[in-house]
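Grab a pencil and let's work through a few exercises together. Have a look at the structure first, then try each task before you read its solution.

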Amino acid sequence: MWIAYDRSNFIFTLLLAELLVCSKFKKRSFFWLRLACGGALLLVLSFFWTTGGEGMLGIASGAFKFLGLFLLSFALLLFCCKCDVWSILFAAAAGYCIQHIAYQAHSVVGILAGDLPQWGQAAALAACCAAAYAALYFLFVRKLKYRDGGVYINNMVMLWMAAIIIVIAVFVSFYGAVYSIDAGSGVLLAVVCLFSIFSCLLAIMCLKALNAAKEGEYEREVLQQMLYQAKLQYDISKDNIDIINIKCHDLKHKILSLKGNVDTDELDKISTAVDIYDRSFDTGNKALDVVLTEKSLLCRGKGIRLTCMLDGSVLQSWRPGDIYSFFGNALDNAVNSVSELPEEKRSVSITQARRGGLVSIRMENYYTGEIRFEDGLPVTSGDRRYHGFGMKSIRMVAESYGCDVRAETADDVFRLTLLVAQ
């Protein structure tokens, strides 16, 4: 019984660690059946795969057994998960690091505790795995950016570097363990184990860094695309508003010419309807006027009061598309926040103030519920994989002009402040 445990605990703990990393991967059909069959096959193989030989040959055969089982676990993940091969390699490498850290920590415990009975060794391994897996889940796995069924990776060189670190850690731990045991030095064995732990932690840091870098690259691409779309939308909105204003202006003249010949009440109703569209802002900034006019029509349709006391000349250095993107996103967020509130709270205000060499533009609106902040920005309540770019776009636009954006809440009021240096 103990022999079976001793020969199979590696593959069991490895698969458990790998599943921890790829828990959010897109699964193939009959995932659990695939995993059970493949895992059982690997457990049997690990039991019958024996190593032997003297000196370096014996060390190498032992190391190659574990690396071979690692490659087979990688193949099993490919068989069970429906995502790209690089995501699978990422999960396999991270899982191996987590397992190796737990196993080396177990070895250190064994050195400190002395000769443990077989059940004590099993309990120590289980405790070390539980502690290491839980710690690395919160410090590493939970912070990974998953997308499109896998993880994002942008640097294959760093991925291979992490793999090389793992291989080195495995061979050093095997050679160091055998040498230390032969020399009868528990201190040296503990040093080897700690070296292996730090090597795997270094590999995990590499894996985390390349995942975070790719996520940042993805966000930049999305934000750049959003800005490009905002520029296109600005051009379309500007032309549409100009056409509507011209037509409404002509209609008002037609209405005046019909007075005395058509029922006055009917003409007044038509004139009022035309006035809804013949209202535009004059802030001194054409792009700002376009976005405010467009959003005021949206607010009117939703019964929202939009007030604006703003001198657009402070934003003359901004590109029209950036102005449209910044205020369009900010107003869309405000409109969405107040659209379901009672009528007395269905309002959005934009004010401006000057303090020394700074001009502050503040947008305020009521909100309901709880707003959580992360890195100074409100966190979206929707699917965070695909939403939440609006506020990031707002910050990116402001920072590109050396401006600062601050978001805060107080007394059920959300405030977004843009600080412009003059």
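**Exercise 1.** In which helix is the place of Leu16? Then work out how open Leu16 is to the surroundings.

*Solution.* This is a predicted model, by the way, so keep that in mind throughout. Step one: Leu16 sits in helix 1, which covers residues 2–21. Step two: its relative accessible area is 43%. Step three: partly exposed lies between the 20% and 50% cut-offs, so Leu16 counts as partly exposed. Step four: look at its partners, since Leu16 joins Phe12 and Leu43 in a nonpolar surface patch of about 270 Å².

**Exercise 2.** Check what span helix 4 should have and look at both of its ends.

*Solution.* Start with the length: helix 4 runs over residues 85–113, which is 29 residues. At 1.5 Å a residue it should span 42 Å, and because its end C-alpha atoms are 42 Å apart, the two agree. Now the N-terminal end: Asp84 caps it, with a side-chain oxygen 3.2 Å from the backbone nitrogen of Trp86. After the helix comes Gly114, with a positive phi near 85°.

**Exercise 3.** Do the same for helix 9, and find residues in it that are buried.

*Solution.* The 16 residues of helix 9 (286–301) reach 23 Å from first C-alpha to last, close to the expected 22 Å. At its start, a side-chain oxygen of Asn285 comes within 3.2 Å of the backbone nitrogen of Ala287. Gly303 follows the helix, and its phi is positive, near 70°. As for buried residues, you'll find Leu288, Val291, Lys295 and Cys299 among them.

Methods. Residues numbered from 1 in each chain as written. Predicted model: local features only at pLDDT ≥ 70, side-chain atom pairs only at ≥ 80, totals over all residues. Heavy atoms only, no water. Helix = DSSP H or I, 4+ residues; strand = E, 2+ residues; numbered from the N terminus. Expected span 1.5 Å × (residues − 1). Polar contact = N/O pair within 3.5 Å; in protein donor to acceptor, adjacent residues only side chain to side chain. Buried < 20%, exposed > 50% of the residue type's maximum accessible area, 1.4 Å probe, protein only. Patch = residues over 30% accessible without salt bridge, like charges linked within 9 Å, V, L, I, M, F, W, Y side chains within 5 Å. Areas by Shrake-Rupley, 256 points an atom, 1.4 Å probe, with all protein chains shown as cover. Salt bridge = Lys/Arg side-chain N within 4 Å of Asp/Glu carboxyl O.
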